[in-house]
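Dear colleague,

Please find below the structure that I am handing over to you. A summary of what was found in it follows.

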Amino acid sequence: MLTELIAPHVKEVIAVDTSDRMIAVLKDKNLPNVTPVHADILGGAAAGDKDRLAGFDLICASSVCGFLPDYAAAVKLLSGLLERGGQFVQWDWQGQDSGGFGLTEQQMRAALEAAGLGSIRVKQVFALDTGGQSMPVLMGLGTRNADRL
């Protein structure tokens with residue numbers, strides 16, 4: 001859904017996922033300026049796509065970073081794929097402490113800073129209310145600055 005919302009406003013979207021099923025669903029949508037890529041950028045399995053998977057103006061990570069085994073390393077790697085002035089945007093479930101499910105504001109801010117990103121903003125943007133539970137969502141944003149990377 002995010003790809004469908006972004007595509008009409010940009011020249012090109014390269015949508016990367018490790019799930020064959022997600023790539024198939026996206027391919028079936030036949031979006032003219034969207035290139036679905038089945039790859040594991042973090043696992044190095046995208047080496048053959050190196051030219052295509054670099055030089056981004058924007059990287060969006062939608063509800064994925066909180067599930068990664070080394071979140072901070074992932075943000076650093078992804079921020080290195082940005083053009084100078086490019087932005088990294090993520091949203092993830094907000095955790096209550098550093099040992100539980102989701103990410104805390106402090107974890108998100110620390111990872112963005114450690115990746116050398118500037119103009120960092122982190123805040124709870126909304127909450128999903130389901131079955132009597134409220135699940136807060138954090139959004140984080142950082143920009144690759146010429147003087148920082």
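How much space lies in the largest cavity? The answer is about 30 Å³. Please note that the model is a predicted one. The count of cavities of 30 Å³ or more comes to one. Its lining is formed by Gly66, Phe67, Asp92, Trp93, Phe101, Gly102 and Leu103. By class, these lining residues divide into four nonpolar, two polar and one charged.

The largest pocket

The largest pocket holds about 1,500 Å³ of space. It is lined by 39 residues, of which Thr3, Ile14, Ala15, Val16 and Cys60 are the closest to its centre. Four elements each supply at least two residues of this lining: helix 1 (2–6), strand 1 (13–17), helix 2 (20–28) and strand 3 (56–62). Strand 3 gives the largest share, with seven residues. As to the character of the lining of the largest pocket, 27 residues are nonpolar, four are polar and eight are charged.

The salt bridge

One salt bridge is present in the structure. It joins the side chains of glutamate 4 and lysine 29, with a distance of 2.7 Å from N to O. Glutamate 4 belongs to helix 1, while lysine 29 sits in the loop between helix 2 and strand 2 (34–38), so the salt bridge ties together parts that are 25 residues apart in sequence. Are the two partners buried or partly exposed? Glutamate 4 has a relative accessibility of 35% and therefore counts as partly exposed. Lysine 29, with a relative accessible area of 34%, is partly exposed.

The aromatic residues

A pair of aromatic rings is described by two values, the distance of the centres and the angle of the planes. The structure holds two such pairs. In one of them, the ring centres of tryptophan 91 and tryptophan 93 are 5.5 Å apart and the planes stand at 85 degrees; because planes over 60 degrees apart count as edge-to-face, this pair is edge-to-face. In the pair of tryptophan 91 and phenylalanine 126, the centres are 6.5 Å apart and the planes are at 50 degrees, so this pair is tilted. Tryptophan 91 lies in strand 4 (residues 82–93) and phenylalanine 126 in strand 5 (residues 117–130), so their pairing ties together parts that are 35 residues apart in sequence.

Trp91, Trp93 and Phe126 form one aromatic cluster. Within this cluster, tryptophan 93 has a relative accessibility of 14% and counts as buried, because the cut-off for buried is under 20%. Tryptophan 91, at 23% relative accessibility, counts as partly exposed. Phenylalanine 126 has a relative accessible area of 38% and is partly exposed. Trp93 also appears in the lining of the largest cavity described above.

Threonine 143

One further residue may be of interest to you. Threonine 143 is found in strand 6 (residues 133–144). With a relative accessible area of 11%, threonine 143 is buried. Which residues does threonine 143 touch, not counting those up to four places away in sequence? They are Gly85, Gly86, Gln87, Leu117, Gly118 and Ser119.

With kind regards

Note on methods. Residues numbered from 1 in each chain as written. Predicted model: local features only at pLDDT ≥ 70, side-chain atom pairs only at ≥ 80, totals over all residues. Heavy atoms only, no water. 1 Å grid on protein atoms, 1.4 Å probe; cavity = no way out; pocket = protein on both sides within 12 Å on 5 of 7 lines; lining within 4 Å. Points joined across faces, edges and corners; volume = space filled by probe spheres on them. Nonpolar A, V, L, I, M, F, W, Y, C, P; charged D, E, K, R; others polar. Phe/Tyr/Trp six-rings, centres within 6.5 Å; stacked < 30°, edge-to-face > 60°. Buried < 20%, exposed > 50% of the residue type's maximum accessible area, 1.4 Å probe, protein only. Salt bridge = Lys/Arg side-chain N within 4 Å of Asp/Glu carboxyl O. Contact = heavy atoms within 4.5 Å.
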